[in-house]
Amino acid sequence: MLTAAEGHDTIAQGLLYDSHTLSLHLTDTCNARCVFCGEGSPDHAVDAVRTADIVDFLRTYAGSDWRTVNIHGGEPTIRPDFIEILTTIRDLGYERIIVQTNAYRMANERFAEAVHAVGVDVFTSGFHGHTPALAAEIAGHPQAFELAMRGFAHITAGGATLRTTTVVCRPNAPHIDEVVRISLEHGATHLNISAMQPGGCAEDRLDDLLVTYREAFPQIEAAVERGVAAGATVTLEGFPYCAVPGHEARHVAWRRQQLKVLYRNMVIDDFDRFLCTTTRSQGPPCRSCAVSHECGGVYRGYLEHVGWDEFAAYPVQSGSAEHE
């Protein structure tokens with residue numbers, strides 16, 4: 001298991017994952033009901049993910065160049081065999097484990113100790129509201145804020161790296177800088193600010209949840225600057241490069257990492273390419289963009305509501321996408 005400092009060094013280069021990372025969809029279910037859940041987890045009462053499929057997938061790539069395992073859901077920590085799956089990953093020789101979680105179960109000290117005993121290197125925690133009321137509204141859980149704060153404390157006390165992911169939506173868009181402030185105060189060393197995917201649970205509520213990139217930009221920029229000033233790693237995920245002008249170098253460098261995903265019994269060999277093919281588009285403003293080959297484009301659901309006019313206002317200069 002890497003120390004928090006070593007983990008921070010590894011992710012301090014515009015990356016969310018390592019160059020070859022396996023990603024396991026561990027469960028369809030969740031202990032929260034986030035209003036924008038891209039997986040639609042609140043609609044799943046039964047888990048269709050089979051442990052045997054997970055173990056077979058892990059055994060297939062053990063000992064290969066795929067040395068990192070990312071775990072996501074739903075909420076992976078609520079699986080009854082979560083600790084056993086972590087142990088299997090370690091026993092098969094994988095070098096690094098990343099867990100995407102809301103951190104609610106990590107608020108339980110005994111559970112956190114059991115997880116740390118096996119060893120998770122990075123916890124990527126969704127954190128979307130700077131007050132208990134806003135966190136509860138977005139996460140659909142009355143104790144979302146309190147549980148996250150306790151979970152963060154147990155994550156960092158165990159020596160793991162804490163990365164927070166904040167999804168920008170209309171309810172929290174005026175407060176992104178404050179969300180980042182709370183994240184930093186509670187031990188986050190990597191701040192990932194993400195565009196909302198206009199699908200899943202959000203699809204029928206876009207009028208309430210979708211905020212334009214232009215509207216959100218001042219708070220996103222303030223949050224980026226706060227994180228940088230604090231010495232944290234800051235990444236931008238899912239935004240077109242031109243939507244956050246002047247910060248192109250902070251976009252996730254997808255060409256330097258490949259995510260191979262096991263989604264139930266389906267294997268997605270390159271997750272970013274899959275998203276570019278199925279959920280994003282490039283249009284007229286992209287044709288003269290110097291970094292269109294780097295940028296994944298715009299979510300199609302966003303374009304259906306907003307259109308392309310917004311993007312013409314943000315020209316990107318040649319060479320501005322060079323990663324730091």
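Student: Is F57 buried or exposed in this model?
Tutor: In this predicted model, F57 is found in helix α2. A residue counts as buried under 20% relative accessible area. The relative accessible area of F57 is 6%, so F57 is buried.

Student: Which residues does F57 touch, not counting residues up to four places away in sequence?
Tutor: One partner, V261, lies 204 residues from F57 along the chain, and the C-alpha atoms of these two are separated by 9.8 Å. Leaving out residues up to four places away in sequence, F57 touches L22, L24, K260, V261, L262 and V267.

Student: Which elements cover the buried residues of α2?
Tutor: Helix α2 spans residues 51-61, and its buried residues are D53, I54, V55, F57, L58 and Y61. The cover over these residues includes β1 (20-25), β2 (68-72), α3 (82-91), β8 (258-263) and β9 (266-268).

Student: Which residue just after α2 takes a positive phi?
Tutor: Helix α2 covers residues 51-61. Just after this helix, a positive phi of about 80° is taken by G63.

Student: How many disulfides does a search of the whole structure find, and why is there no bond from C37 to its closest cysteine sulfur?
Tutor: C37 is buried, with a relative accessible area of 14%. A disulfide needs sulfur atoms within 2.5 Å. The sulfur of C37 is 4.8 Å from the closest cysteine sulfur, in C201, and is therefore too far for a bond. Across the whole structure, the number of disulfides found is 0.

Student: How far is the sulfur of C242 from the closest cysteine sulfur?
Tutor: C242 is buried, with a relative accessible area of 15%. The closest cysteine sulfur belongs to C289, too far for a bond, at a distance of 6.3 Å.

Student: At roughly what angle do the axes of α7 and α9 cross?
Tutor: Two packed helices are described by the angle between their axes and the distance between the axes. Here α7 comprises residues 176-185 and α9 residues 213-229; their axes come within 7 Å and cross at roughly 25°. That angle makes α7 roughly parallel to α9. The crossing of α7 past α9 is right-handed, and its angle is roughly 25°.

Student: How do the residues of the contact of α7 with α9 divide into nonpolar, polar and charged?
Tutor: From α7, the residues I176, D177, E178, V180, R181 and L184 take part, and they meet Q219, A222, A223, R226 and G227 in α9. The residues of this contact divide into 5 nonpolar, 2 polar and 4 charged.

Note on methods
Residues are numbered from 1 along each chain as its sequence is written. This is a predicted model: local features need pLDDT of at least 70, side-chain atom pairs count only at pLDDT 80 or more; totals for chains, interfaces and linings use all residues. Side-chain values use heavy atoms; hydrogens and water are left out. Axes are lines fitted to C-alpha atoms, for helices over the stretch in contact, and angles run from 0 to 180 degrees between N-to-C directions. Helices (H or I, at least four residues) and strands (E, at least two) are DSSP runs, numbered from the N terminus. Angles under 35 degrees count as roughly parallel, over 145 as roughly antiparallel, 65 to 115 as roughly perpendicular and the rest as oblique. A crossing is left-handed if the near helix is turned anticlockwise from the far one by less than a right angle, and right-handed if clockwise. Contact means heavy atoms within 4.5 Å. Ala, Val, Leu, Ile, Met, Phe, Trp, Tyr, Cys and Pro count as nonpolar, Asp, Glu, Lys and Arg as charged, and the others, Gly among them, as polar. Buried means under 20% relative accessible area, exposed over 50%, partly exposed in between (1.4 Å probe, protein chains only).
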